[in-house]
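Me: I'd like to learn how to read a structure like this one, feature by feature. Could you walk me through it?

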Amino acid sequence: MSEIPAALRYTESHEWIRPEPEPGVIAIGITDYAQQSLGDITFVQLPKVGTTLEAGRVFGVIESVKAASDLYAPATGTVVAVNDQLDAAPETINRSPYESGWLLKLRAAGEVPGLLSPEEYRQHVGS
């Protein structure tokens, strides 16, 4: 069974968001369910700091021994940090998808609509 932390919110495309201490900034990553489905992650392509993302649009790619998958922005905003550790150790996402395996931090341009609660996400992946 996949881990689904109660403090996070989720997208149907298996990204999670977590509010950061700095107002308006959210961390983004992929869920435990997603990393398990992908298998051993071998590469992550992420945008540069300063890039503007648009909600629902592709912002990067994650590759594994099984497949390559697009990453979708759960919110519109500007990238303020990227997890550079993933360049040398993309498998960190497999070991710690919710902590050290975060992908990027975004200064959101307003509210983030359409996110799933942990229970809604659990039902989504259960179907």
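Reply: Sure. Keep in mind that this is a predicted model. Let's begin with one residue: V112 is found in the loop between β9 and α4.

Me: Which residues does V112 touch, not counting those up to four places away in sequence?

Reply: Leaving out those sequence neighbours, V112 touches I17, I26, P74 and A75. You can also check a distance on screen: the C-alpha atoms of V112 and V79 are separated by 15 Å, and the two residues are 33 residues apart along the chain.

Me: Now the sheet. In what order do the six strands come?

Reply: The general idea first: strands of a sheet pair through backbone hydrogen bonds, either parallel or antiparallel. Here the six strands form an open sheet in the order β1-β2-β3-β9-β8-β5, and the pairing is antiparallel.

Me: Which strands stand at the edges?

Reply: Those are β1 and β5 (52–53). Each has a single partner strand, so one side of each is left without a neighbour in the sheet.

Me: How many bridges pair β1 and β2?

Reply: Two bridges, in the antiparallel sense. If you want a residue to click on, take R9: its bridge partner in β2 is I17. You've met I17 already, as one of the residues that V112 touches.

Me: What should I look for in the loop between β1 (9–10) and β2?

Reply: Look at backbone angles. Most residues other than glycine have a negative phi, and most peptide bonds are trans. Now go to H14, which lies in that loop between β1 and β2. Phi of H14 is near 75°, a positive value in a residue other than glycine.

Me: On to charged side chains. How many salt bridges does the structure hold?

Reply: Four. For each pair, look at how far apart the closest N and O atoms are, then at where the partners sit. Take R107 and E22, whose closest N and O atoms are 2.5 Å apart. This pair links distant parts of the chain: R107 is in strand β9 (residues 104–108), E22 is in the loop between β2 (15–19) and β3 (25–30), and they are 85 residues apart.

Me: Are R107 and E22 buried or exposed?

Reply: In between. R107 is partly exposed, with a relative accessible area of 36%, and E22 is partly exposed too, at 42%.

Me: Where do R122 and E119 lie?

Reply: Both lie in helix α4 (residues 118–126), three residues apart, which is about one turn of the helix. Their side chains meet in a salt bridge, at 3.2 Å from N to O. R122 counts as partly exposed at 31% relative accessibility, and E119 counts as partly exposed at 42%.

Me: Which residues do salt bridges that share partners join into one network?

Reply: R18, E20 and K105. Within that network, R18 forms a salt bridge with E20, the closest N and O atoms being 3.1 Å apart. Here E20 is buried, because its relative accessible area is 17% and the cut-off for buried is under 20%.

Me: Let me try that on T92. Is T92 buried or exposed?

Reply: Buried, at 7% relative accessibility. T92 is found in helix α3 (residues 92–95). Leaving aside neighbours within four places in sequence, T92 is in contact with L86, P97, S100 and G101.

Definitions and conventions: Residues numbered from 1 in each chain as written. Predicted model: local features only at pLDDT ≥ 70, side-chain atom pairs only at ≥ 80, totals over all residues. Heavy atoms only, no water. Buried < 20%, exposed > 50% of the residue type's maximum accessible area, 1.4 Å probe, protein only. Helix = DSSP H or I, 4+ residues; strand = E, 2+ residues; numbered from the N terminus. Contact = heavy atoms within 4.5 Å. Pairing = 2+ DSSP bridges.
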